[in-house]
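This report describes a protein–DNA model and the conventions behind its values.

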Protein chains: 2
Amino acid sequence: MLVTNIYGGVVDSEPGGRRGRTRMLLLECALDLFERQGYERTTVGQIAATAGVTEMTFFRHFAAKDRLVVEDPYDPVIAGAVAAQPRTMAPLARAVAGLRAAWGRLPEPESTTVRRRVRIAAATPPLRAAISANNAATEQILVDQLVADGADPGSARVAAAAVLAGITAALLDWSQRDGVALTDVVSAALDTLEGRR
Amino acid sequence: MLVTNIYGGVVDSEPGGRRGRTRMLLLECALDLFERQGYERTTVGQIAATAGVTEMTFFRHFAAKDRLVVEDPYDPVIAGAVAAQPRTMAPLARAVAGLRAAWGRLPEPESTTVRRRVRIAAATPPLRAAISANNAATEQILVDQLVADGADPGSARVAAAAVLAGITAALLDWSQRDGVALTDVVSAALDTLEGRR
DNA sequence: CCGTAAATGTTAGTCACTAACATTTCAATC
DNA sequence: GATTGAAATGTTAGTGACTAACATTTACGG
């Protein structure tokens with residue numbers, strides 16, 4: 001059955017069913033094609049044909065072409081972690097501390113699919129823009145959290161935007177390197193955001 | 001005569017000529033329509049028709065619809081100012097100091113067109129994404145500058161992305177308020193990025 | 001075997017954007 | 001003042017992402 005989560009993404013409640021299989025097949029075919037000939041030179045029609053499916057069916061599984069690569073399931077973890085930080089900190093420091101705490105609770109991405117996606121995004125300007133757009137929802141959550149605890153709205157927004165952009169930059173950087181743990185890259189990024197490097 | 005600048009933008013070397021007039025007319029018509037009925041519900045064909053011109057002509061003046069709202073002519077000033085900062089600072093601090101110095105050399109936007117554009121962008125998610133994409137060029141310049149002076153590439157990229165995202169957030173914030181000078185908003189944002197607020 | 005709903009297919013459209021080629025405008029020169 | 005050449009605009013025909021409305025197939029429980 002088709003379920004729309006709070007980020008606007010579409011998730012299959014029954015990953016083993018027919019719908020889940022078609023979705024996975026489309027994703028696999030798409031990533032292969034993107035890696036072989038680039039994101040922009042790959043058409044949705046081509047992806048659908050490779051998966052043995054209609055273009056219309058593609059759009060029933062992915063709201064847009066870029067959703068094959070960009071998604072963001074981490075929002076609630078981040079928001080909760082930021083909320084748990086001391087309210088006396090300045091917005092930037094608090095956002096950084098919150099993200100540092102949040103990251104400890106996230107799993108190191110084991111599947112290569114994550115890395116493939118990020119790698120493709122890193123090489124494709126419009127996809128990097130899509131990631132920024134995607135960060136907007138998380139940013140709003142962060143801002144609300146900071147403001148609810150007395151931060152100046154302007155400062156809160158600046159801090160949230162800066163921290164998320166920094167983390168995103170680190171993520172893109174990580175995808176280009178081999179043998180480095182995502183945790184380490186993110187940790188270093190948070191150090192930088194605290195002015196410690 | 002048509003000139004392409006280093007940011008990929010198209011500039012008229014003779015603003016008083018026919019080409020310059022058509023461009024200004026298209027821009028005016030577009031901003032009016034955007035404010036009246038929203039960016040996304042306004043088609044390029046509609047803009048062109050309002051300006052008494054063909055759709056094709058529109059694309060000869062603006063490479064894409066979003067270029068009516070998004071542009072970034074400040075890169076060289078920023079890069080030069082960052083280069084002038086002491087090389088002993090941490091990347092984030094240096095980027096902030098550079099931007100603070102750069103901003104002092106920029107004119108307070110006198111034309112209302114700037115504010116109209118930013119206001120429209122603030123209200124339109126895809127345009128906010130376009131601004132981020134547009135920041136990429138500036139970010140690269142910043143990174144090159146920081147790395148050339150011995151900063152770690154990873155830290156440099158994180159710092160550059162964070163600072164630009166913070167400034168952009170401040171700019172969007174400014175467009176929503178009345179009676180506040182852009183300089184003050186940006187200055188406050190830089191304070192936040194330094195962890196001072 | 002049957003009925004039903006989920007999943008997919010079909011068709012026809014809109015909108016942003018491109019390419020190739022034809023036409024008009026304008027200004028300098030003759 | 002007519003001529004010419006380039007800049008500016010027009011025309012036509014297309015591609016690709018995406019949507020809407022409706023038809024058909026697939027799978028699964030009774």
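The text below covers the fold of chain A, the relation of the two chains, the surfaces near the DNA, and three single residues.

The model is predicted, and local features are given only at pLDDT of at least 70, side-chain atom pairs only at pLDDT 80 or more, while totals for chains, interfaces and linings use all residues. Residues are numbered from 1 along each chain as its sequence is written, chains are lettered from A and ligands numbered from 1 in the order in which they are written, and side-chain values use heavy atoms, without hydrogens and water.

**Chain A**

Chain A contains two strands and nine helices. Helices (H or I, at least four residues) and strands (E, at least two) are DSSP runs, numbered from the N terminus. Read from the N terminus, the order is β-β-α-α-α-α-α-α-α-α-α.

Of the 197 residues in chain A, 48% are buried. Here buried means under 20% relative accessible area, exposed over 50%, and partly exposed in between, with a 1.4 Å probe and protein chains only. The accessible surface of the chain is about 9300 Å², and carbon and sulfur atoms hold 55% of that area. Accessible areas come from the Shrake-Rupley method with a 1.4 Å probe, and for residues only the protein chains shown count as cover.

A contact means heavy atoms within 4.5 Å. Taking the contacts in chain A between residues at least 6 apart in sequence, 61% join residues at least 24 apart.

**Relation of the chains**

Two copies of a chain are related by a rotation about an axis and a shift along it. For chain A and chain B, the superposition takes a rotation of 180° with 0.0 Å of shift along the axis, at an RMSD of 0.1 Å. This is the relation of a two-fold axis. The C-alpha of A:Ala162 is the one in chain A nearest the axis, at 2.0 Å. Both copies use the same surface, as 100% of the contact residues of chain A recur in chain B. The fit is by least squares on the C-alpha atoms of residues with pLDDT of at least 70 in both copies.

**Surfaces near the DNA**

A residue is near a strand if one of its heavy atoms lies within 4 Å of it. DNA strand C is surrounded by 21 residues, and the closest are A:Thr22, A:Thr57, A:Arg60, A:His61 and B:Lys65. Of the atoms of DNA strand C that come within 4 Å of the protein, 65% belong to sugar and phosphate. At least two residues of this surface come from each of helix H1 (18-37) and helix H3 (55-61) of chain A and helix H3 (55-61) of chain B. By class, the surface near DNA strand C has eight nonpolar, six polar and seven charged residues.

For DNA strand D, 20 residues surround the strand, the closest being A:Lys65, B:Thr22, B:Thr57, B:Arg60 and B:His61. Sugar and phosphate again make up 65% of the atoms of DNA strand D within 4 Å of the protein. H3 of chain A, and helix H1 (18-37) and H3 of chain B, each supply at least two residues of the surface near DNA strand D. That surface divides into seven nonpolar, six polar and seven charged residues. In these counts Ala, Val, Leu, Ile, Met, Phe, Trp, Tyr, Cys and Pro are nonpolar, Asp, Glu, Lys and Arg are charged, and the others, Gly among them, are polar.

The table lists atom pairs between protein and DNA.

| Protein atom | DNA atom | Distance |
|---|---|---|
| A:Thr22, side-chain N or O | strand C, phosphate oxygen | 2.6 Å |
| A:Thr54, polar backbone atom | strand C, phosphate oxygen | 2.9 Å |
| B:Lys65, backbone N or O | strand C, phosphate oxygen | 2.7 Å |
| A:Val44, backbone N or O | strand D, phosphate oxygen | 3.1 Å |
| B:Thr57, polar side-chain atom | strand D, phosphate oxygen | 2.6 Å |
| B:Arg60, polar side-chain atom | strand D, base oxygen | 2.3 Å |

**Three residues**

A:Thr42 sits in the loop between H1 and helix H2 (44-50) of chain A, and counts as buried because its relative accessibility is 1%. Its side chain makes a polar contact of 3.1 Å with that of A:Gln37. A polar contact is a pair of N or O atoms within 3.5 Å; within protein, one must be able to donate a hydrogen and the other to accept it, and residues adjacent in sequence count only if both atoms are side-chain atoms. Beyond four places in sequence, A:Thr42 is in contact with A:Leu33, A:Phe34, A:Gln37, A:Ile47 and A:Lys65.

B:His61 belongs to helix H3 of chain B and, at 7% relative accessibility, is buried. Apart from residues up to four places away in sequence, B:His61 touches B:Arg19, B:Thr22, B:Arg23 and B:Leu26.

B:Glu55 is also in helix H3 of chain B, but is partly exposed, with a relative accessible area of 45%. With the same sequence exclusion of up to four places, B:Glu55 touches B:Val44, B:Gly45 and B:Ala48.
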